[in-house]
2 protein chains.
Amino acid sequence: MKLPTANPPQVDYANDPYTWDNQVGWKQWRPLRPFRGMYYDVRRRLPFYWSDVVDGLNYRTFAGTVRIFFVNLLPALAFTLDMSRRTDNFFGINEALFSSALAAVVFSTLSCQPLTVVGITGLISLFNYTIYDIARDQGIIHLYGPLICWVSIWAAITHWAAAIFNLCDYMRYITDFSSTSFGLYVGIIYMIKGVEELVAAFDDHNRSGGYLACVIALVYWFTVYRLEMVGSTTFLKPWMRKSISDFAYPIATLWWVGFSHIPGRLAETHQYRVPHTRAFYPTQDRPWLIPFWTLPVKWVFVALPMGILLTLLFYYDHNVSSLTAQARKFPLTKPAGFHWDFFLLGCTCFIGGIVGIPLPNGLVPQAPVHTDACTEYQDVLKVTKEKDDEPDAEFHQHNRKKIEAIEVKEQRVSHWLMALALIGTMTGPLLDVLHTMPRSLFAGVFFVVGWGSVGSSPIIANALFTWRERKFIDPDEPRLRLKPSRIWLYIAFQLAGVLSSVAISQTIAAIGFPVIIISLIPLRWLVMPRVFTEEELLILDAPTADADVVLASMGGQPTLPEVRLAEEKRRRENADGEQGLSSGYLSGTTGSMRSREVFKDEEERKIEEEREKRRLSDGVQPTEWTGHD
Amino acid sequence: MKLPTANPPQVDYANDPYTWDNQVGWKQWRPLRPFRGMYYDVRRRLPFYWSDVVDGLNYRTFAGTVRIFFVNLLPALAFTLDMSRRTDNFFGINEALFSSALAAVVFSTLSCQPLTVVGITGLISLFNYTIYDIARDQGIIHLYGPLICWVSIWAAITHWAAAIFNLCDYMRYITDFSSTSFGLYVGIIYMIKGVEELVAAFDDHNRSGGYLACVIALVYWFTVYRLEMVGSTTFLKPWMRKSISDFAYPIATLWWVGFSHIPGRLAETHQYRVPHTRAFYPTQDRPWLIPFWTLPVKWVFVALPMGILLTLLFYYDHNVSSLTAQARKFPLTKPAGFHWDFFLLGCTCFIGGIVGIPLPNGLVPQAPVHTDACTEYQDVLKVTKEKDDEPDAEFHQHNRKKIEAIEVKEQRVSHWLMALALIGTMTGPLLDVLHTMPRSLFAGVFFVVGWGSVGSSPIIANALFTWRERKFIDPDEPRLRLKPSRIWLYIAFQLAGVLSSVAISQTIAAIGFPVIIISLIPLRWLVMPRVFTEEELLILDAPTADADVVLASMGGQPTLPEVRLAEEKRRRENADGEQGLSSGYLSGTTGSMRSREVFKDEEERKIEEEREKRRLSDGVQPTEWTGHD
């Protein structure tokens, strides 16, 4: 049987009609031209719809479906167990599955970016139970349903507004400075949640369940970590090691769930398990529709700022997850569509709000896992010749493995199959299966996912870099050109953001954390270029939106402020000699001095810099999330 | 203050007077010239005695003392907890400390090889409790003390005989074929002991202690593993990372012992701890001297074969530990002395026997740790140039760290200080400190030590090698010249030895396991050269006694049988053409065919082979035992 084929059009991303450059008069103001981004998003992507189906009929899509199903479901359940405990079961397993399934159905069929997996994150859990705490403090716990519903409605409205008025364009200003900070923050929150889940497993009458939970969480973590690592080795055949990596979660889950049921010492500890619920009904005794019209008007207005905070969170979280799912390291060809998808997200906020389920949005560490799972990799032999740096040294040949991403199966089938699987999980028999899972396993999931973000965080990598002995570092490493104290200054800015976010998340002010994360963007654009030189920022930072397919939806790549500043400065210097140095900051920093010394010829340097950047990003790894050492 | 210096003599190892080559008549028979080996051992080493003291007055020796104290004490306690449970406290903590201290005093002051640390191994524990089981089965449990005493006396006598009649020479016939099998066997036994220790931590009234024990054992294992790994990184300063590796055990032990005492959930689990005993007294209510004269004559004779088995075990175990402690990768200059030390071991067997303590002998995974701890390493920058194997590829410079062993502090001070520390540990106050240690920690010790042997086992490395995709292996890897099926045949021989030893260790016949291990030596010399070609054995195997300092004490290196066979064959071939192939085995193997095809020129091949061997062994690692991936 021959599979059907589709001939999608070629897109000329460099000359996309959606741009704001060279626009004059009122036309340069984004809010004055509503729906422009959404229109072009759809116009760009719609011709690919049929190919999105056809390109999904292959083994890779099936493997991707299994992997992303587990990687989506397990953390969602984990967050829900936490959220359920902290909201007195307002949000339970059924709500979580409903939400995940709703998001998967909507985004697999209607979105411009079907690779971006949408579901329940740890941050929405944090958001929801913090509002629960606020409601409890205010004595309106009985109004929690309508309150959170109105928060969602306001969020939906502001989502729609952001999408209509082309505000997603501003995602192009996000650099790794803030997105890696966000990644580290998310990772730390996940690790904390893992520990909290273990603490909750203790019971003063029967401590053995708690300690057993610790054991299961640790071995589960180790198992997934090791299995995912197999893919990067050279053992077995390529398809075998790839499969072991792909199915690390199902394998580890089946194994350790089974382990926890071994009769005797293990089964008798009466571990906490996923609670049993009645299929398709809300966890609490309530109808699905939240009576949002019962909320006093005063509280409706209180819900407004909360809704805006939620929109801020989703604006950042959802779009960053779309960005990472469509990063340049994946050889993508189909266009992205940020405006349209953010509008859709407003719709799921609205629906989710009025039926009282946790609102889904883009999954930050998991979204690239989906793209990764849909990527055809090839293990390519890379032969190098090496010799000691001595006159008479002999050459030795080294055979290495290089993983090359050949093609991404860009399609909506795996997302859609995942939706079906999630709906299936909502039925009675599969809820029984979920009930067999010990909750300690989810602590393990938190550790895997959290450590995936923490262990591979560039912030930590930079810190570790400064602690290495310099002489053992390859000389073409660009960070060698920076003083460690400058790298630490950069890290300090990031850590200030991360740690204050983590701290605020432990308090009643937790819903304010998106403000901190978002505020890193203007900090990066206004303050950082005056503290750091162009060279430093070029080495340490990069725009997060780096792929052509992505930039087309945002009106192209902006000029970085440090580049503009440096150019202005050089222009003035050329005109006035050294007198032109007006900015105290700029002339005072050592980095700026060094950059002038080292690079005589501006052109030469720029080219070299770019080359280095590309070289760095050429080392494609399956995903940054599969675990690092 | 200037430290005293010593000017030890230079030894010409190549022309050592102790040799059996070119001896004629009765003079070529080792047993007919008693004491010859012992005499030369002492004559060679005695001139170094003063330098053995002087060379120990430095920081490295101090660091080595701390490291080896913990690496000796913790496993000894771990084995003793196991042995104590299985011999109804006949061998308890006090006996173990007495034994370790006795061995340390004797071997630090009198031995020819003060680097070889002597103490309590898992195998003597296995040996002792198996005899206990036998005594119980025979209904003479009340005679266990005298019986084991007689076993020790017979062992002492046969030790002395072996030393006097120069039988330690035969250690030169040991190759990695059997010694790596032994290493893997020991590792597996240790891992099993770790699991058994955890199982013993469960208590049907209070399971939480058991699960907490599992947690502590796992995290302790992980902690030591990671801390020891720090030394091979390039983080921090060289002395810092070296110190962290050196003190991995003390750091992890202090930390997790403290953890286990945190009030609340942890302390209240009432974990099993090291039992409290009365200082300097036997654990059971008995005098130190065993009334060995009360044993019926019948049982004295039953003890004889057991004593011989014990001698076989120690002959192999002790001498292999001396070999690994003096392997060629350590730049040693002072002479070894196998005969003299084995005589000394007979003495400790005798003393240990009549006072009823577990008999000490050379510690197989720990002995090289002592040498390693006394080695001054230097992290040397190794610069290489690398380029892709393409016409126009550019060179990239790589800076790597190479650890070079500069010098070994060959001395007896660290061993002697360890003896003092062990004696200190026998006193009341320090026994109280020991009592604070949870027994689960020792399960962790078993895992660290056991995994050190299993994870770095060349048998497993060979198996993994065959599972790797060949194209990603560097072409100068010699094993690439062998068919995987041939490597597996080699592994199969080793695994047969290892697994039958492990199996027998679980039965009442456990005391017979030395026979299996020892029988690998004639297997290697008589059978293997007829199954494998010279090339195969040259690549897969090597003499374990490879250092000049060591070989001098054994009368030089013997010619390997496969080399002799291959030479004979080639001689016949040269004389008769292809007709000369008489051995069915030899001509039938594929390896032999290939070796003939590949290597036309015999001389050329030999030189190349040797070069490769040396290249392989040049990559000095701090120790094979510090943990591998």
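In the predicted model, a turn of 180 degrees with a shift of 0.0 Å along the axis lays chain A on chain B with an RMSD of 0.0 Å. This is the relation of a two-fold axis. In chain A, the C-alpha nearest the axis belongs to S208(A), at 1.8 Å from it. Of the interface residues of chain A, 100% are also interface residues in chain B, so the copies meet through the same surface.

An open sheet of four strands includes strands from both chains, in the order β4(A)-β3(A)-β3(B)-β4(B), with antiparallel pairing. Its edge strands are β4 of chain A and β4 (395-408) of chain B, each of which pairs on one side only. From one strand to the next, the twist averages 35 degrees. Strands of a sheet pair through backbone hydrogen bonds, in either the parallel or the antiparallel sense.

Within chain A, strand β3 (residues 375-388) and strand β4 (residues 395-408) run antiparallel and are joined by 13 bridges. The connection from β3(A) to β4(A) is a hairpin of six residues, and K387(A) stands opposite F395(A) in β4(A). In chain B, strand β3 (residues 375-388) pairs with β4(B) in the antiparallel sense, again over 13 bridges. Here Q378(B) stands opposite E404(B) in β4(B).

For chain A, UniProt (unreviewed entry) places the feature "domain: Bicarbonate transporter-like transmembrane" at residues 33-206 and 213-543. Over residues 213-543 of chain A, the chain is 57% helix and 9% strand. The end C-alpha atoms of this stretch are 41 Å apart.

How values were computed. Residues numbered from 1 in each chain as written. Chains lettered and ligands numbered in written order. Predicted model: local features only at pLDDT ≥ 70, side-chain atom pairs only at ≥ 80, totals over all residues. Heavy atoms only, no water. Pairing = 2+ DSSP bridges. Helix = DSSP H or I, 4+ residues; strand = E, 2+ residues; numbered from the N terminus. Least-squares fit on C-alpha atoms with pLDDT ≥ 70 in both. Contact = heavy atoms within 4.5 Å. UniProt positions renumbered as here; feature names shortened; annotations may be inferred. Axes fitted to C-alpha atoms, helices over the stretch in contact; angles between N-to-C directions.
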